[in-house]
Amino acid sequence: LKAVLIIADGMADRPLKELDWKTPLEAARKPSLNQIAKAGICGIMDPISPGLPPGSDTATLAVLGYDALKVYSGRGAFEAIGCGVNVLRGDVAFRCNFATVGNNLVVLDRRAGRISNEDASKLAESLRKTKLEKSSNAVFIFKNTIQHRAVLVIRGPELSTDVSDSDPEKVGEKVLETKPLDESPEAALTAEILKKLMQKFHEVLMQHPVNKERVRRGLPPANIILCRGAGAVPNIKSLSQIYNIRAVCVGATPLIRGVCKTAGMKLIDVKGATGTPQTDFMAKAKATIQALKTNDFVLLHVKATDVASHDGNIRQKIELIEKIDSMLGYMLDNIDVDVTYLAVTADHTTSSVTGDHEGDPVPIAITGPYVRCDDVEKYDERACAKGGLNRIRGMDLMPILMNLIGKTKKFGA
Ligand SMILES: [Zn+2]
């Protein structure tokens, strides 16, 4: 027996005036999602706990069965791991942006005009030659990823994630000074290392020929690196240790890939999977079906629905739900439903009105052999609330799925 968990990022929503007080899921044409709800057992799920708006990282940790409130240790490490950087226990990782500052370090563009990968790669190559002071006993890894995005990992004997961001996250404000967030010598040391490194990076970038050329071409120079989201690798057991399963992730978003890798899952690269609304849904479905042949558990993650919600683009959100529905239709036609469980959910609610993650529960439906199917016939926020799973927490989902595929152990005699 096998299980596929499909997570549509931020797919759940609130009723919208523009849709006659329906949610995008309620308004979308989605025969396959409805088929899954009808054949399966449904419910609603609080990703972490009722009313708490989760991040995509904490929510994904939770639906993989971990107690996110206890094990979460910041976003930076997941992001770096998801970008292929080997982050070790004790390292401190940050998300970074190539940005543009003017006089007095006032931020003019947080993305340096969405700098090209080519320019960012050349700049990163020079930045990697920077030396940290010997007395700090630390080294660093710096890697640019897509456009203005990059990751920084500081490695040393006594570091801490309790340091503040240098990124003000607003244009027109000054770059912030990195400060320790507690009294520990580790936090003081980490803040000091980061502060000095950022100064050196700034000096290198100000003189860099790539930036001089950008200015000549009328483009904003990428003359500073902004850091945020200090994080460390959480101390968790892998899914294979907990459930004795082979687990893989089909997804393109670095943050989610980082969470999955940390949970010991294999990552599958899919050509055409981009983590954007233009992603190749069918390629992901095919990769999932292929992965099922040699694995017990596949997490299929789709980011696009969250992107549309953050943009407040209701029409696009509905279209994307319909594309996900076609993807699920293909999967239903091409997997052996007698030995495979399909669970469909969202990692959180993203409101198309606020453009933010919200603390409302998300729908969940599980179909497969011998599930106690209920009377729910439609897959949406309100219909699923009447289902047989009732209301569960994100961290309940994995035990439920693993029990269905016979991978849980009895508690007691
Ligand atoms: Zn999310």
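Does S56 count as buried or exposed, and at what relative accessibility? In this predicted model, S56 has a relative accessibility of 7% and therefore counts as buried. The points below take up the zinc site to which S56 contributes a donor atom, then P54, and then helix α10.

**Zinc site**
- The zinc ion has as its protein donors D9 (OD), S56 (OG), D347 (OD) and H348 (NE2), which lie 1.9 to 2.1 Å from the ion.
- Because the 4 donor atoms subtend angles of 99 to 123 degrees around the zinc ion, the arrangement is tetrahedral.
- Along the chain, the donors follow the spacing D-x46-S-x290-D-H, and the pair D9 and S56 links distant parts of the chain, with D9 in the loop between β1 (2-8) and α1 (24-27) and S56 in helix α3, 47 residues apart.
- D9, at 0% relative accessibility, counts as buried.

**P54**
- P54 is placed in the loop between β2 (41-46) and α3, and this residue is buried, with a relative accessible area of 3%.
- Leaving aside residues up to four places away in sequence, P54 touches P47, I48, A59, D347, H348, H357 and E358, of which D347 and H348 are also donors of the zinc ion.

**Helix α10**
- Helix α10 (residues 254-262) is largely enclosed by the rest of the structure, because 7 of its 9 residues are buried; these are L255, I256, R257, G258, V259, C260 and T262.
- The buried residues of α10 pack against α3 (56-63), α5 (76-82), β8 (247-250), β9 (266-268) and β10 (297-302).
- After α10 comes G264, whose phi is positive, near 80 degrees.

Note on methods: Residues are numbered from 1 along each chain as its sequence is written. This is a predicted model: local features need pLDDT of at least 70, side-chain atom pairs count only at pLDDT 80 or more; totals for chains, interfaces and linings use all residues. Side-chain values use heavy atoms; hydrogens and water are left out. Buried means under 20% relative accessible area, exposed over 50%, partly exposed in between (1.4 Å probe, protein chains only). Helices (H or I, at least four residues) and strands (E, at least two) are DSSP runs, numbered from the N terminus. Contact means heavy atoms within 4.5 Å. Donors are N, O and S atoms within 2.8 Å of the metal (3.2 Å for Na, K and Ca); water is not among the atoms, so sites may look incomplete. Four donors count as tetrahedral if all angles lie between 85 and 135 degrees; four count as square planar and six as octahedral if opposite donors are over 155 degrees apart and all others between 65 and 115; anything else is irregular.
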